[in-house]
Number of protein chains: 2
Amino acid sequence: MNQEYIKADVWSIIEEGYDQETVKSSESLFSLGNGAMGQRANFEERYTGPTFQGSYIAGVYYPDKTRVGWWKNGYPEYFAKVLNAPNWIGIDVLINNEPLDLFTCSSVTDFRRELNMKEGWYKRKFKATLPNSIKVQVEITRFLSLDLNELGAIDYNITLLDQDAEVTFIPYLDSGITNEDSNWDDKFWNTTAVDSKGSRAYIEAHTMKTNFKTCTFMHAELYHAGKKLNVAPGLSKKDTWVGHTYTQKVKQGEPISLHKFGGYTVSRYHKTGSLVEAADSVLDQALELGFDVLLEKQKKAWASIWQMSDITIDGDIKAQQGIRFNIFQLNQTYLGTDSRLNIGPKGFTGEKYGGSTYWDTEAYCIPFYMATKDQKVARNLLKYRYAHLEKAIENARKLGFKNGAALYPMVTMNGEECHNEWEITFEEIHRNGAIAFAIFNYYRFTGDYSYIPEMGLEVLIGIARFWYQRANYSEAKNKYVILGVTGPNEYENNVNNNWYTNYLAKWCIEYTLEQLQKVKDGYPDDYQRIIGHTQLTSNETDKWKGVAKNMYFPYSEKYGVYLQQDGFLDKELITVEHLDKLDRPINQKWSWDRILRSPYIKQADVLQCFYFFEDHFPLEDLQKHFDFYEPFTVHESSLSPCVHSIQAAKLDRMDQAYRFYLRTSRLDLDDYNKEVEEGLHITSMAGTWMSIVEGFGGLRVIDDKLSFTPRIPKNWKSYSFKINFRNRILKVTVTATDTLFNLEGREQMSIRLNGKRLELNPNEEISA
Amino acid sequence: MNQEYIKADVWSIIEEGYDQETVKSSESLFSLGNGAMGQRANFEERYTGPTFQGSYIAGVYYPDKTRVGWWKNGYPEYFAKVLNAPNWIGIDVLINNEPLDLFTCSSVTDFRRELNMKEGWYKRKFKATLPNSIKVQVEITRFLSLDLNELGAIDYNITLLDQDAEVTFIPYLDSGITNEDSNWDDKFWNTTAVDSKGSRAYIEAHTMKTNFKTCTFMHAELYHAGKKLNVAPGLSKKDTWVGHTYTQKVKQGEPISLHKFGGYTVSRYHKTGSLVEAADSVLDQALELGFDVLLEKQKKAWASIWQMSDITIDGDIKAQQGIRFNIFQLNQTYLGTDSRLNIGPKGFTGEKYGGSTYWDTEAYCIPFYMATKDQKVARNLLKYRYAHLEKAIENARKLGFKNGAALYPMVTMNGEECHNEWEITFEEIHRNGAIAFAIFNYYRFTGDYSYIPEMGLEVLIGIARFWYQRANYSEAKNKYVILGVTGPNEYENNVNNNWYTNYLAKWCIEYTLEQLQKVKDGYPDDYQRIIGHTQLTSNETDKWKGVAKNMYFPYSEKYGVYLQQDGFLDKELITVEHLDKLDRPINQKWSWDRILRSPYIKQADVLQCFYFFEDHFPLEDLQKHFDFYEPFTVHESSLSPCVHSIQAAKLDRMDQAYRFYLRTSRLDLDDYNKEVEEGLHITSMAGTWMSIVEGFGGLRVIDDKLSFTPRIPKNWKSYSFKINFRNRILKVTVTATDTLFNLEGREQMSIRLNGKRLELNPNEEISA
C-alpha cells in the first residue's frame with residue numbers, strides 16, 4: 001500500500017483508483033461526523049472485502065467488563081466505550097439480481113473519493129463491471145447534517161452503461177452489529193422493535209446496562225430519470241434488521257437514484273416513549289427540504305464554521321490540506337453544545353480508546369476551542385470535569401486517598417475510571433494537573449472568572465488534596481517526593497520524582513491557595529458555600545503549603561537541566577540519531593523493558609512543562625532543556641511533535657519547527673504511525689492548530705492582551721488564522737515580511753507584536 | 001468457614017463433619033499424587049454443590065493463547081499450562097434410581113475424610129439419607145500407586161442402613177472436561193476414540209496443539225457381601241464419555257462395593273499406537289495383584305520414602321503434622337525420575353500458575369531433593385535447565401539480547417517463556433541468578449563436579465552474557481547499574497539497582513569465570529567443545545570482569561545497610577507493626593500503586609541474598625539487615641517466612657524463628673492466605689523443610705563436610721531429620737540438651753558440630 005495515496009488539494013481529501021489495500025485506511029480518513037454522530041466511510045452497498053464497520057452516537061456507551069491478564073487491586077471493573085451503533089447507511093444494490101459488491105466486480109475503474117471539507121460532504125464515484133457482466137456507473141453523495149444533527153442523507157445514483165437492466169435498491173437498518181474492540185463478546189445492544197411504515201423504517205434498541213434508548217430510522221425516495229417515483233417498497237424484516245426493496249426496470253444511460261435519509265433519535269434528548277415520533281419529525285423536516293436544499297444548508301453551515309476557524313497557508317498545498325483536515329475533523333467530532341459530551345481521541349472514526357475522555361482535552365483541545373468558538377464551548381468542557389468531581393473523589397478513595405482528594409480518571413465516559421494498566425491508571429497522575437491548568441488557562445484567555453467560584457475552586461481543592469496526600473516526606477532528601485509515577489513520557493513507568501509531575505503538583509497547590517484567597521475576597525458567598533461543603537481548614541492548607549514549598553525537583557548540575565526523573569542520568573544517554581533505522585519505531589521493534597531502560601522519550605515531558613509555564617523560565621533555560629531532551633525524543637505519541645514544534649519556533653529554529661509541524665498535521669493523511677486503519681488521532685489535531693497559532697504565530701495572552709511573535713516557514717508565502725478573543729474577532733496574516741491584522745467589530749483593541757504595543761482599529765487592515 | 005478445621009494428628013490430615021463451605025478447600029488439602037499424575041480430592045459420586053474439579057498428568061500441557069488488557073512488545077504468545085485431564089475417578093451411584101449426591105441428601109452424618117500420609121491413601125466415610133429417604137453408609141478408599149505410576153485404585157463401599165434396595169454403580173471415564181483457568185475457552189482436548197471391552201473402557205484423547213496422546217482407562221469389579229460377582233455391565237457411550245452400569249439388589253446391612261482401577265497411559269512413555277495395549281498391561285497387573293495387595297505395596301512404597309525423608313517432632317503435634325504434610329506433598333508432586341518434568345507451584349492440586357516451572361525449583365526445592373533423595377534427582381532438575389538453554393537464549397533474543405545471552409523464563413513448561421506481565425516477565429530477571437546458584441549449590445552439596453563440564457558451564461556462560469549485557473554504565477555513578485528490574489520483593493516494580501539482583505549478577509559472572517578456569521584446567525576436552533560452541537573469547541570475558549568489578553551496590557551510610565533498591569530510603573519508613581489490621585493483607589486491601597510506594601516487602605529480598613551467600617557477610621551484617629528489613633516484611637508470599645525463619649534461627653531468635661516456621665509449615669492447613677481452595681503451595685513446602693534442617697538444625701556444607709549448629713524451639717522435646725550426604729545417610733536428632741547422630745553404612749564420617757569437628761562411627765549413636 002502506498003502510504004501517501006491521498007492527493008494534495010487545498011480543500012478536499014481525494015483518493016483516486018480502487019485499491020482493496022486502502023479501503024480500511026480510507027474508511028478512517030473519509031469519516032463523517034456532525035458532533036452528535038458519525039461514521040467511518042464504509043460503503044453503503046455490500047462489501048465482502050476487508051472492512052472495519054463503524055457508526056457511533058456521541059455519548060452512547062457501554063461499560064465493557066475489564067479484561068486483564070493478571071488482576072491488580074484497584075483496577076476498575078469496567079471500561080466504558082462508545083459503541084458501534086446500528087447501521088443506517090446500508091443500501092444493498094442488485095442489478096438483474098446480481099449484488100453490487102466492489103470486492104467481487106470483475107473490474108472497477110474511475111474510482112474516486114472526495115471528502116469536501118469546505119462544504120462538509122463526501123462523494124464516491126466509480127465504474128464497475130458486475131460478475132454478470134453488466135457495467136454500471138455509480139455516484140454516491142453523503143453528509144451528516146449540521147442543521148438537523150440527528151439526520152444524515154445519501155444520494156445513491158446509478159447509470160447503466162451498456163444495457164438495460166432491472167435495478168434493485170434495498171435501503172436497510174441493521175442493529176445486529178458488533179464491536180471489534182469487545183472484551184468478552186458481550187451483547188451490547190438489545191433490539192426491542194423493528195418497524196416499517198410506508199417508506200420509513202425504525203429500529204428501536206437500547207444499550208445493555210447503560211440503557212441508552214435509541215431509534216435508528218430511515219426514509220427512502222426513488223428518482224428515475226430525474227423524476228420522483230411514488231412506489232411502495234417491498235418489506236423484509238428480521239430480528240435486528242429491516243429493509244425496503246425498490247425494483248425498477250432501467251434503460252441504459254438513464255440515471256436512477258435513491259435518496260436515503262436516516263439517523264438516530266436518542267433518549268438523551270427525547271422522552272423515552274417518543275423516539276419514533278421524534279424520528280418522524282426529523283424525517284418530515286428533511287423531506288420538506290429535500291436532499292438538495294439540505295446539502296445547500298450543509299454548505300452554509302460549514303462555511304460559517306470555516307469563517308471563524310480556517311487557517312490559510314499560501315505556498316504549501318500539503319501543509320494547507322493538513323491543517324484544514326485537522327480543523328475539519330475537530331469540528332466533526334465536537335461542537336461544544338452539550339457539556340455532557342467530550343472529545344474522544346478517535347472521535348467518530350474508530351473504536352480504539354473507547355471514544356472516551358483523556359487529558360488530551362485539557363492539555364491540547366481547549367486552546368483550539370477557546371480561540372475558534374464562542375467561549376461557552378470551552379466553559380462546557382470545564383463544566384464536564386466539575387460534573388465528574390464526585391466520581392474523581394470516589395476514584396481517589398478507591399486507591400486509598402481520603403478527605404475529598406480527587407483523582408480524575410485517565411480515561412472516562414461518565415467520570416469513572418475505565419483504564420486498566422497499573423502504570424497508567426494508577427500512576428499517570430499528572431492528568432490531574434492538566435485539569436487544573438485548563439482552569440487557569442481558561443481564565444487567562446477568556447477573562448471569565450465566574451467558573452472558579454461557581455465550580456472550579458472545588459475541583460482545585462480536590463486536586464490539591466490529592467497532591468498533598470500523594471507526596472511523601474523523604475528523610476533522605478529532606479524534601480517532599482512523589483514516588484511511583486508515570487509522566488507524559490509513557491516510555492518510563494513507575495519512576496520517582498518525574499519533574500513535570502512534581503512541578504504540576506506544587507503549582508496546583510499554590511494556584512489553589514491563590515484562588516481560595518481570591519474567592520474569599522471577591523465572592524464571599526461562594527467561599528462560604530465551598531468551605532462548608534469541603535470542610536477545608538487553615539490547618540489543612542498550611543500542610544499543603546509545607547509540601548508545595550519543600551517539593552523536590554531532580555536537577556543535574558553537570559548538564560544544568562531539570563531531570564525528567566530521579567534515575568534519568570543512570571541511563572545510557574545515546575541520542576536518537578544513533579539509533580538504527582531498523583529499531584524504529586521502538587514501540588514496535590523493542591520489548592517493553594528495553595524501552596523503559598532506554599533514554600528515549602515518547603512525547604514532550606519536561607518540555608511540556610516549559611510549554612504550560614513558559615513564563616516561569618528564561619528563554620535560555622528552554623534552550624538548554626530543548627537541546628538536552630529533544631535529541632532523546634522519538635515522538636511516538638501523536639501529542640509530541642506539536643509541543644516540540646512550538647518550542648522550536650520559540651527558539652527561532654524554524655526548519656525544525658516546520659518538520660514537526662508537517663509531522664503533526666499530516667500524521668493521519670500520511671499514516672506516520674501505520675495505524676490509520678484503526679481511526680484518526682483527533683485530539684492531537686488540536687495540537688496542529690497550536691503549532692501554527694501559538695508556534696508560528698507566537699500567540700500568547702499576557703496581562704489580558706493578545707501578544708504575537710510571528711515567524712513563518714521559509715517555503716510559505718503567507719498564512720492566516722483568526723482568534724475569537726473575549727468576543728472580539730481578530731484575523732492575523734503573516735508573510736515573510738509583515739504581519740497583517742484585521743479586527744472585526746466596533747471597538748479598538750490593544751495587542752502586542754514582538755513585545756511592542758500595537759493599537760488596532762476595527763475594520764482596518766493594520767500591517768506591521 | 002472455620003479456617004482451622006483440620007484435626008491435629010501426627011500422621012493424618014483429618015476432616016470431620018460435612019460442611020459445604022470446606023468442600024473446595026478440602027479438595028485441595030486431600031489431593032493425591034504419585035509424581036506422574038494427581039487429582040484434587042473430588043468426590044467420586046456426583047456432586048452438584050460448589051466444587052473445583054481437577055485431574056492432572058505430569059508434563060501434559062497446552063499452550064493457551066495469552067490474554068492481556070494491553071499488549072506490550074515482547075509478551076509471549078502462549079501460556080503453557082498443565083491441563084485438567086480426563087476424569088477417571090467418577091462413579092455415579094444410584095439407590096433405587098435416586099442419585100447419591102451429598103449436596104441434595106436430606107442428611108449427611110459421620111462424615112470423615114482422612115489422608116493417611118504415612119501409607120499414602122485417602123479415605124472418605126459418611127452416612128447419608130437420600131431424597132428418597134433411603135439411608136446409606138459409604139466408605140471410599142483411594143490411592144495413586146507409586147509402584148504402577150499409571151494406575152489409581154478406588155474401593156467404593158456401600159451399606160444400606162434401613163432397607164433393601166437396588167444399588168447401581170456407574171463407573172465412567174469423561175474427557176468432556178474444562179479448565180477454570182482458560183484464557184479463551186479454547187477446546188484443550190480432542191477425543192478420538194471412546195471404547196469399551198468387557199469390564200474395561202478407554203478414552204483416547206490428545207491435547208490440541210501439543211498433541212500429547214493419552215489413553216484414559218478403567219476396569220471395575222463388583223463385590224457383594226465379600227464375593228466378587230461376575231456380571232457383564234451395561235454400556236453407555238457418548239462423544240466424550242463412557243460408563244458401565246452395574247445394578248444389584250442389595251439387602252440391608254450387606255456391604256456392596258465396587259473396585260475401580262483407572263489411570264492414564266501417555267505418548268511420552270509409550271508408542272503412539274500402543275496406548276490401549278499399555279493400558280491393558282497396567283490393568284492386567286493391577287487385577288493380578290488386586291486392590292488389597294496394591295494397597296499393601298503402596299504402604300511399603302511410602303514407608304520407604306518416609307524412611308529417608310521423615311522429620312519427627314516430639315512435643316508439638318501441629319508442627320509435626322505441618323512438616324509431614326509438606327514432605328508428603330513434595331513427594332506426591334515430584335519424585336525426580338524424569339528430567340523432562342519439574343515442580344509446579346501447585347503440583348497436582350490446582351490450575352493456578354499453570355503447573356509450570358518457576359525459580360522456586362532452584363531456590364527452594366533443590367536442597368530438599370538433594371538431601372532426601374538420591375543425588376541424581378537434583379541432577380535431573382539441573383539437567384532440565386540445560387535442556388532449555390537454547391530456548392533461554394531465544395527468549396533473551398526476543399528481548400533484544402545478543403550473542404548467546406540466556407534469560408531463563410519466569411514460568412515455563414518447555415523452556416519458552418509463558419508469563420505475561422511486563423514487570424515480572426521482562427524484569428524479574430534475578431531468576432537467572434538462582435539457576436546459577438543452584439549449580440554452585442549442587443556441587444557444594446554433592447561434590448559431583450561432572451555436571452559443570454558436561455552441561456552447567458554452558459548454562460553459566462549464557463547467564464553471564466545476559467548479566468553483562470543487561471548492566472549498563474552509568475556516567476553519573478561511574479559504575480555499572482542494572483535498571484528497570486523487579487527483585488524477589490514483587491511489591492516493588494521496575495526499580496533501579498535492586499541489591500539482590502546486582503549482587504547475583506556480579507556473583508554469576510565471577511563464578512562463571514572461575515568455572516571456566518576450572519574446566520579449562522581439569523576438563524580440557526569439554527573446554528574446547530564449549531569454547532567452540534559458544535565462541536567465547538578472552539576479549540569478551542575481560543568485559544564481563546569489568547562489569548562485575550565495577551557493579552554498583554546501593555548502600556545507606558546512615559543505617560549501615562545495603563538498600564533494597566536505589567529509591568528505598570525515599571519511602572515513608574513506617575514499620576508493619578504500625579499498620580492497621582484492616583489494611584492487611586495489603587495485597588487484598590491496597591491498590592497496587594500504594595503497595596509499590598510503600599516500604600512493605602512481600603518476601604525476603606536483601607535477606608534472600610544473605611541466605612544464598614551467608615559466608616560473604618559477617619553475622620553482625622546479617623543482624624543489621626535483618627533488624628532493618630524484617631520490620632517491613634509482610635510475608636505475603638509463601639516463599640518468605642522460611643527464609644526469615646532460617647535467619648532468625650541463625651541469630652538465635654528462636655521464638656521468632658518458630659513463629660515463621662509455623663506459618664510456613666501450616667500455610668495451607670490453616671489457610672493463612674485464604675486461597676487454599678485454588679490448590680496448595682507446593683514449592684514453598686520445601687522451604688519448610690529448610691526451616692527445620694537448615695534453620696533449626698543449622699545444616700551447612702562447609703569444605704565438603706556437613707556442619708550443624710542445632711537449636712530447638714522451646715516447646716519441642718526433640719526433633720529429628722535425615723540427610724543423604726554423598727550417598728551417606730545420617731540421622732540427626734536434636735533435643736533441648738543434646739544432639740544425637742546416627743550414621744548408616746560402613747565408613748566413618750567427619751562432621752562439624754557448632755564449629756567443632758566430630759568423628760562419627762557408623763551404626764553407633766553419638767550424642768554431643
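A salt bridge here is a side-chain nitrogen of Lys or Arg within 4 Å of a carboxyl oxygen of Asp or Glu. The model behind these views is predicted, with pLDDT of at least 70 needed for local features and 80 or more for side-chain atom pairs, while totals for chains, interfaces and linings use all residues. Residues are numbered from 1 along each chain as its sequence is written, chains are lettered from A and ligands numbered from 1 in the order in which they are written, and side-chain values use heavy atoms, leaving out hydrogens and water.

**View 1. A strand and a helix of chain A meet through A:Arg200 and A:Asp284.** The two side chains form a salt bridge, with N and O at 2.7 Å. A:Arg200 sits in strand E15 (residues 200-207) and A:Asp284 in helix H2 (residues 275-309), 84 residues apart, so to speak a link between distant parts of chain A (helices are DSSP runs of H or I with at least four residues, strands are runs of E with at least two, both numbered from the N terminus). A:Arg200 is buried at 9% relative accessible area, whereas A:Asp284 is partly exposed at 42%. Buried means under 20% relative accessible area, exposed over 50% and partly exposed in between, using a 1.4 Å probe and protein chains only.

**View 2. B:Lys228 pairs up with B:Glu221.** Their closest N and O atoms lie 3.0 Å apart in this salt bridge. B:Lys228 is partly exposed, at 43% relative accessible area, but B:Glu221 counts as buried at 10%.

**View 3. B:Asp448 reaches B:Arg379 in chain B.** It's another salt bridge, 3.0 Å from N to O. B:Asp448 belongs to the loop between helix H8 (431-446) and helix H9 (451-470), and B:Arg379 to helix H5 (residues 375-387), so the pair ties together parts 69 residues apart in sequence. Both ends are tucked away: B:Asp448 is buried at 15% relative accessible area, and B:Arg379 is buried at 17%.

**View 4. Four charged residues of chain A share partners.** A:Glu44, A:Glu45, A:Arg124 and A:Arg142 are joined into one network by their salt bridges. Over all chains, the structure holds 96 salt bridges.

**View 5. A hairpin is built from strands E31 and E32 of chain A.** Strand E31 (residues 749-753) and strand E32 (residues 756-760) run antiparallel and pair over 5 bridges (pairing takes at least two DSSP bridges). Across the pair, A:Ile751 stands opposite A:Leu758 of E32(A). There are 2 residues between the strands, and A:Asn754 in the turn has a positive phi of about 50°.

**View 6. Chains A and B are related as by a two-fold rotation axis.** A turn of 180° and a shift of 0.1 Å along the axis lay chain A on chain B with an RMSD of 0.0 Å. The superposition is by least squares on C-alpha atoms of residues with pLDDT of at least 70 in both copies. In chain A, the C-alpha nearest the axis belongs to A:Val68, at 2.4 Å. Both copies use the same surface, as 100% of the contact residues of chain A recur in chain B (contact means heavy atoms within 4.5 Å).

**View 7. Chain A holds 19 helices and 33 strands.** Its C-alpha trace spans about 85 × 60 × 60 Å along the principal axes. Of the 768 residues in chain A, 65% are buried.
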